[in-house]
Amino acid sequence: DTCKYTGIVEDCCCDYESVDDVNGAVLHILLQELVATPFFRYFKVKLWCDCPFWPDDGMCRLSDCGVCECPEHEFPESFKTPSLHILPKDDPVCQEGKPEATVDRTLDDKSFRGWVEIDNPWTHDDETDNGEMTYVNLQLNPERHTGYTGPLARRIWDAIYSENCPRYAFGEVCPEKKILYKLISGLHSSISIHIAADYLLDETTNQWGPNLELMHDRVLAHPDRVQNLYFTFLFVLRAVTKAAAYLDQAEYDSGNHAEDLKAQSLIRQLVHNPKLQAACALPFDEAKMWQGQGGPILRQQIQNQFRNISALVDCVGCEKCRLWGKLQVLGLGTALKILFAVDDQGNPDPHLQLQRNEGIALINLLNRLSESLIYVTKMGSSVSSANEPS
Ligand code: FAD
């Protein structure tokens, strides 16, 4: 459990040591600062979505499970809806019976130069429909232990794995056939790591802290789960660097000029980082994917599976888990869109367009994964020393 992984991360182009070095030395620090800026800390999310698969959804045990929403005056003025239009009922799952659902068609393109209002084909949610969405301050709602557990939580992971991304056969060499499982497994590891890192150790005294045993049992004892975490991190990192020009030119306007300039500067430091270039210039090589004859069909199949996974997250019965689940799945969907977008003829699409919320999800996801790698190395050594005979 010392978590000293060596060699090249499977299906990626960088080795474990370089990833740890560059993450620990620069990326993690930049990302932590970035997600604290007003632009990146307010996430727009539809939390009240009905679960399309099971009529009941899980209740969660701890009061900490609830999400603290932002009061109107708190989130940036420029994020607010200037005018509302009634949405045609085009989403049978989430809109049904909710006439109050309205959509803001002007918010993104008016207030945010470089950000568009466009649906993400990789996710189930209609990202352009935002009438039911609320703003959540992510800094006030940390991803941590909530007490959401048992068969209801388990059935979601089971449905994700068994129906939508089954584990590939031992010896599988085709990276396309492994990618979805590895991305979800890496995300799952990261969620488990955040639960273990910030755990309610004693309910009576409300004492929070790391739960090393849980960390060991759920993640560190399974090298493939740690390896998949590295894979997912590199995949998302590649998406961020591939979108460098877009992210560089986008407008970060939350109404707080000094903080917005800071966000812009941090983004530039992140996407054009010389240390990252030196350590791991190409974290993942998407150009090698979908080359064979069956490539386009496989790509479409994976896109459909990912959309199902994104719909399953609406069945997460704990609000705070759902918040982070939706954010991170949108972040992954955005990374997939950046790396695998194709035009009508199936050729790589050079015209990337992102929604503001996609940018926020992408950067916050990268931060979560980066933080998880830090925990793995730090808590991995605590676990191993705790296990050493005295
Ligand atoms: P689970 O984590 O539920 O895992 C189920 C099974 O999946 C395991 O038995 C194993 O066979 C397999 N598995 C586990 N990890 C991996 C992996 N990395 N790769 C491949 N297979 C794996 N709880 C919170 O307290 N806070 C949260 O923020 C939170 N967010 C969640 C978000 C989502 C989208 C979901 C579905 C659940 C979330 N939960 C959260 C619940 C949490 O993930 C666990 O389900 C819960 O803690 C019960 O854990 P478990 O030990 O039963 O194993």
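Which residues of helix 1 are buried? In this predicted model, the buried set consists of Tyr16, Val19, Val22, Asn23, Leu27, Leu31, Leu34 and Val35. Asn23 turns up a second time when the path of the helix is followed: helix 1 covers residues 16-36 and has a kink of about 55°, with Asn23 at its centre. So much for one helix; now for the rest of the protein.

The protein has 390 residues, and 44% of them are buried. Its secondary structure comes to 13 helices and six strands. A lot of the contacts link parts that sit well apart in the sequence: among contacts with a separation of 6 or more, 81% join residues 24 or more positions apart.

How far can the coordinates be trusted? The average pLDDT of the protein is 81, and 77% of the residues reach at least 70. Two stretches do worse than that average suggests. Over residues 82-113 the pLDDT is below 50, although the model still gives this stretch 52 contacts beyond near neighbours in sequence. Residues 58-63 also stay under 50, and here the model has 16 contacts beyond four places in sequence. Where pLDDT is low, the predicted coordinates should not be read in detail. For the model as a whole, the scores are ipTM 0.99 and pTM 0.86.

Next comes the ligand. The shell around it is made up of 23 residues, and the ones that come nearest are Ala153, Ser185, His188, Cys321 and Gly325. In chemical terms, the shell splits into ten nonpolar, eight polar and five charged residues. Which helices each supply at least two residues of this shell? They are helix 4 (151-164), helix 5 (175-197) and helix 12 (319-340). Helix 5 gives the most, with six residues.

These three helices come up again around helix 11. Helix 4, helix 5 and helix 12 are among the elements that cover the buried residues of helix 11. Those buried residues are Ile302, Phe306, Ile309, Ser310, Ala311 and Leu312. Helix 11 itself runs over residues 295-312, which makes 18 residues. From its first C-alpha to its last it reaches 26 Å, close to the 26 Å expected at 1.5 Å a residue. Helix 1, by comparison, is the one described above with a kink of about 55°.

Methods:
Residues are numbered from 1 along each chain as its sequence is written. This is a predicted model: local features need pLDDT of at least 70, side-chain atom pairs count only at pLDDT 80 or more; totals for chains, interfaces and linings use all residues. pLDDT is the predictor's confidence in each residue, from 0 to 100. Two residues are in contact if their C-beta atoms, placed from the backbone, lie within 7 Å. Helices (H or I, at least four residues) and strands (E, at least two) are DSSP runs, numbered from the N terminus. A residue is buried if 20 or more other C-beta atoms lie within 10 Å of its own, exposed if 12 or fewer, and partly exposed in between; C-beta atoms are placed from the backbone. A residue is near a molecule or strand if its C-beta atom, placed from the backbone, lies within 6 Å of it. Ala, Val, Leu, Ile, Met, Phe, Trp, Tyr, Cys and Pro count as nonpolar, Asp, Glu, Lys and Arg as charged, and the others, Gly among them, as polar. The bend at a residue is the angle between axes fitted to the seven residues ending there and the seven starting there. The expected span of a helix is 1.5 Å times one less than its number of residues.
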